[in-house]
Amino acid sequence: MAKKIEKIRRVEIDDERINHTIEAYFKWKDLNTYIKSVSTRGINMPDAISEPMGCWCMGYLWNRGKEVGDAYDPKTNKKIEFKATSNYDTDLSSIGPKTKFDNLVFLRYNLSENKLYIYDLETNSDQLAQMNVNRTQKIGDQKEEKRRPHIGIIKLFKLDEKEPTVVFDIRKGQIEVDNR
């Protein structure tokens, strides 16, 4: 019996797509503001907004097929995993037990400034597995137990002490800092 071939679908984020994504961001932000005014918490940033923005800024192709990873770097052939937060000061991300990637990129939104701070963490899934999730376990230990480790990337990688790789001004639709 022939093996089924999984479809790989990588999407380039062109000017039209980034403009639609920016429009979606502001619609999401308005809805999030309303929900926070009547509830104790807001709504998560949809990956349909964060991932295309990250791809456009970093020159990646967005993975919309069955391939592992959120994006693909055509320059390095690496599978990219995005983690994002719409709360600039804090975050909580989970890592699936089977998640494998070549590079982790953190998307840190500052909603009051309408800016996206991108950190290329230059860390693959094996390196991340060696980091502590708590005092007694590494991320890899929990993944081996088929659990989803929850980590704060800002704290784990000490991002408040680091310069972002890229800063994207969402309102202007342009990169204002590029440290690649």
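Let me start with the second largest pocket, which is lined by Asn132, Val133, Asn134, Arg135, His150, Ile151, Gly152, Lys155 and Leu156. Strand 8, residues 150-151, and helix 5, residues 153-156, are the elements that give two or more residues to that lining. I should say at once that this is a predicted model, and that everything I describe this morning is computed from it. The volume of this second largest pocket comes out at about 180 Å³, and its lining residues divide into three nonpolar, four polar and two charged.

The largest pocket, for its part, has a volume of about 850 Å³. Its lining is made of 29 residues, and of these the closest to the centre of the pocket are Asn44, Met45, Ala84, Thr85 and Leu92. If we ask which elements each supply at least two residues of this lining, they are helix 1, helix 2, strand 4 and strand 5, the last of these being residues 93-94. Strand 4 gives the most, with five residues. In character, the lining of the largest pocket divides into seven nonpolar residues, 13 polar and nine charged.

Since helix 1 and helix 2 both contribute there, let me take them in turn. Helix 1 runs over residues 15-38, and for its 24 residues, at 1.5 Å a residue, we should expect a span of 34 Å; the C-alpha atoms at its ends are 35 Å apart, which agrees. Its buried residues are Ile18, Thr21, Ile22, Tyr25, Phe26, Trp28, Lys29 and Asn32, a list in which you will notice Lys29 alongside Trp28. As for what these buried residues pack against, the partners are helix 2 (47-58), strand 6 (103-110) and strand 9 (166-169).

Helix 2 has 12 residues and reaches 16 Å from its first C-alpha to its last, close to the 16 Å expected at 1.5 Å a residue. Nine of its 12 residues are buried, so helix 2 is largely enclosed by the rest of the structure. Those buried residues are Ile49, Ser50, Glu51, Pro52, Met53, Gly54, Cys55, Cys57 and Met58. Just after the helix, Gly59 takes a positive phi of about 80 degrees.

That brings us to the interior. In soluble globular proteins, nonpolar side chains tend to be buried together. Here the largest nonpolar core holds 27 residues, and the members that touch the most others are Tyr25, Met53, Tyr109 and Ile170. Helix 1, helix 2, strand 4, strand 6, strand 7 (115-120) and strand 9 are the elements that give two or more residues to this core. What does Ile170 touch, once residues up to four places away in sequence are not counted? The answer is Ile22, Tyr25, Phe26, Met53, Tyr109, Asn114, Lys115 and Leu116. There is also a second, separate core, of 16 residues, which includes Leu128, Ile151, Ile153 and Ile154.

Now to strand 4, residues 78-85, where I would like to set two charged residues beside each other. Is Glu81, which lies in this strand, buried or exposed? At 11% relative accessibility, Glu81 counts as buried, because the cut-off for that class is under 20%. Leaving aside neighbours within four places in sequence, Glu81 is in contact with Gly69, Asp70, Thr99, Phe101, Asn103, Leu104 and Val105. Lys78 is also placed in strand 4, but with 37% relative accessibility Lys78 counts as partly exposed. Again not counting residues up to four places away, Lys78 touches Ala71, Tyr72, Asp73 and Asp102. The C-alpha atoms of Lys78 and Gly54, which are 24 residues apart along the chain, are separated by 15 Å.

Finally, a word on backbone geometry. Most residues other than glycine have a negative phi. Asn77, however, is not a glycine and has a positive phi of about 60 degrees; it sits in the loop between strand 3 (71-73) and strand 4, and is exposed, with a relative accessible area of 53%. Glu122, likewise not a glycine, has a positive phi of about 50 degrees. The place of Glu122 is in the loop between strand 7 and helix 3 (125-129), and at 63% relative accessibility Glu122 counts as exposed.

Methods
Residues are numbered from 1 along each chain as its sequence is written. This is a predicted model: local features need pLDDT of at least 70, side-chain atom pairs count only at pLDDT 80 or more; totals for chains, interfaces and linings use all residues. Side-chain values use heavy atoms; hydrogens and water are left out. Helices (H or I, at least four residues) and strands (E, at least two) are DSSP runs, numbered from the N terminus. The expected span of a helix is 1.5 Å times one less than its number of residues. Buried means under 20% relative accessible area, exposed over 50%, partly exposed in between (1.4 Å probe, protein chains only). Contact means heavy atoms within 4.5 Å. A nonpolar core is a set of buried Ala, Val, Leu, Ile, Met, Phe, Trp, Tyr and Cys residues joined through side-chain atoms within 4.5 Å. On a 1 Å grid over the protein atoms alone, a cavity is a set of points where a 1.4 Å probe fits but cannot get out, and a pocket is an open set with protein on both sides within 12 Å along at least five of seven lines; lining residues have an atom within 4 Å of a point. Grid points are joined across faces, edges and corners, and a volume is the space filled by probe spheres set on the points. Ala, Val, Leu, Ile, Met, Phe, Trp, Tyr, Cys and Pro count as nonpolar, Asp, Glu, Lys and Arg as charged, and the others, Gly among them, as polar.
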